[in-house]
Amino acid sequence: MTSATRIAVATNADGPAVPRRVFGTFVEHMGRCVYDGIRESAHPSADANGFRADVLELVRELGATVVRYPGGNFVSGYRWEDGVGPRDQRPVRLDAAWHSTETNQVGLHEFADWAQAAGLELMEAVNLGTRGVAEAADLLEYTNHPGGTALSERRRQNGRDEPFDIRLWCLGNEMDGPWQIGHKTADEYGRLAAESARLMRFIDPDIELVAAGSSNHEMPTFGEWERTVLRHTAELVDHISVHAYYEETPGDPASFLASGVALGRYLDDVAAIIDEVRAETGSTREIGISVDEWNVWNQTRWNEVDKPRVFTGDWPVAPRLIEDDYTVTDAVVVGSLLITLLRHADRVSMANLAQLVNVIAPIRTEPGGPAWRQTTFFPFQLTAAAAHGTVVVPTVESASIETAKHGVVAAVDAVATVNGDEIVVFAAHRDLDASTEVVIDLDREIAAADALVVTVPAGGDRHTVNSAQAQPVAPASLAAVVDGTRVRVTLPPLSWARITLRAAR
């Protein structure tokens, strides 16, 4: 069975610039993300600092632009001073956030050097859980002040003569969550975030600050948390955060595949609250939405099975935590979430796929063994590589799908970017059974087209994964037929595609 879809792209339409920071990622001191992930000193590919060259190569290939560090829940109990200075003198600490032991062998200096090698802009988070205004200001002075003070000279003595010049800063993490170390009410956090922001701006007025929004859309305090925090901080911050994770409910893949609809509604709600508070306070300051944690994550299994096991055991170093094996279905959902982020480029200032290596990540590793691309690697990599210029929201006419959670949704979701003569259409096909014949209509003659698709591989099914032993899921070429101002492609069931069009001059 085959359906018909039409995607009309007005290439001259006004649209927001592609926010390149939307292709950010996240590294937390959690599980095997840092240790046995990006760093494994005994690995055959390890460099002089213990970082795996094979992982670094995959990170570069992924094409991420920003990396949020060092957490996450971890940051709310973290002493940044533990991670600077000679490694043999760094203290070993208990990490209460993830019931682990932190060796502090990777800290600010090592990670900043690694991020630079990977081509990533560093987005640093400060601890507003167990610490506060003074400690946040101290870290900023250590990283960004040129010299001549106790903290800046300490940085220089620790091997970094020039400042790190970190521009992006997160004011804590998920402070609305009862699970968070140092959990606070909205008023408590809003006041602390404002005072921290004010002092940090005294030290370096050109930094960008992210206030912590709700941990998810379903929090009972969602909405009022954002309003209260923004009333405290609207004149002091540049962004407010959104965290969004999605998983498949047994027996309901249709709702899971429509997760982009849920994310879109979440972003619309936060944007409306920002506008409401700006109108209420008379603020003229632009505040973007930083989706600084998003991904597919089997949270039900984590909360019901893995977390109880982990939190009643010993305190291991770099235990295996939430190393989800991602399926073809997960890859299509990740691709559709990227479409939603681009469609909201007028409000979304940046976004970080959480996390980068091993922990719910597009890249997996084995100690002493290989590193490989999970299925979710491909829609991210293909979008990050091609989304430039401006965002255009096309008109999409397709079949519809009934979902239990989101109502009736379009079978095909799409967004486009226009960069001179290059027009790129990103499309997710949510139908599990039928293919669809897609006609892409432009307002310009098309000289050439090519397409890549991520879908179920031959001999596989929607649950197919990539592993250390085999990687059957990878982008495949998709036939694209040019006819004047039209391009025709056929999207298989359950697929995500990138169609690149080159307009005639």
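## Exercises on packed helices and sheets

Helix α11 (residues 377–386) lies across β18, β19, β21 and β25, and runs at about 20° to β25. Contact here means heavy atoms within 4.5 Å, and angles run from 0 to 180 degrees between N-to-C directions, with axes being lines fitted to C-alpha atoms, for helices over the stretch in contact. Helices (H or I, at least four residues) and strands (E, at least two) are DSSP runs numbered from the N terminus.

The model is predicted, so that local features need pLDDT of at least 70 and side-chain atom pairs count only at pLDDT 80 or more, while totals for chains, interfaces and linings use all residues. Residues are numbered from 1 along each chain as its sequence is written, and side-chain values use heavy atoms, with hydrogens and water left out.

**Exercise 1. Describe the open sheet and the helix α10 that packs on it.**

Step 1: Begin with the strand order, which is β14-β18-β19-β25-β21-β22 in an open sheet of 6 strands with antiparallel pairing; two strands pair if DSSP finds at least two bridges between them.

Step 2: Find the edges, which are β14 (390–392) and β22 (476–478), each pairing on one side only. Neighbouring strands of this sheet are turned by 25° against each other on average, direction ignored.

Step 3: Look at one pairing in detail: strand β21 (residues 446–455) and β22 are joined in the antiparallel sense over 3 bridges, and Leu452 has Ser477 in β22 as its bridge partner.

Step 4: Add helix α10 (residues 328–343), which touches β14, β18 (412–419), β19 (422–429), β21 and β25 (495–503), and whose direction makes about 50° with that of β18.

**Exercise 2. How do α3 and α5 pack, and which residues meet?**

Step 1: The axes of helix α3 (residues 133–144) and helix α5 (residues 186–203) come within 9 Å and cross at roughly 30°.

Step 2: The two helices are therefore roughly parallel to each other, given that angles under 35 degrees count as roughly parallel, over 145 as roughly antiparallel, 65 to 115 as roughly perpendicular and the rest as oblique.

Step 3: In the contact, Val133, Ala136, Ala137, Leu140 and Glu141 of α3 meet Leu192, Glu195, Ser196, Leu199, Met200 and Ile203 of α5.

Step 4: These residues divide into 8 nonpolar, 1 polar and 2 charged, where Ala, Val, Leu, Ile, Met, Phe, Trp, Tyr, Cys and Pro count as nonpolar, Asp, Glu, Lys and Arg as charged, and the others, Gly among them, as polar.

**Exercise 3. Examine the contact of α3 with α4.**

Step 1: Helix α4 (residues 150–157) packs with α3 at an angle of about 50°, their axes being 7 Å apart, and the two are therefore oblique to each other.

Step 2: Asp138, Glu141, Tyr142, Thr143 and Asn144 in α3 meet Leu151, Ser152, Arg154 and Arg155 in α4, a contact that divides into 2 nonpolar, 3 polar and 4 charged residues.

**Exercise 4. Describe the closed barrel and how α8 packs on it.**

Step 1: The barrel has 8 strands, running β2-β3-β6-β7-β8-β9-β10-β11 with parallel pairing, and its neighbouring strands are turned by 30° against each other on average, direction ignored.

Step 2: Within it, 2 bridges join strand β8 (residues 208–211) to strand β9 (residues 239–246), and Ala211 has Ile240 in β9 as its bridge partner.

Step 3: Helix α8 touches β9, β10 (288–296) and β11 (348–354), its direction making about 160° with that of β9.
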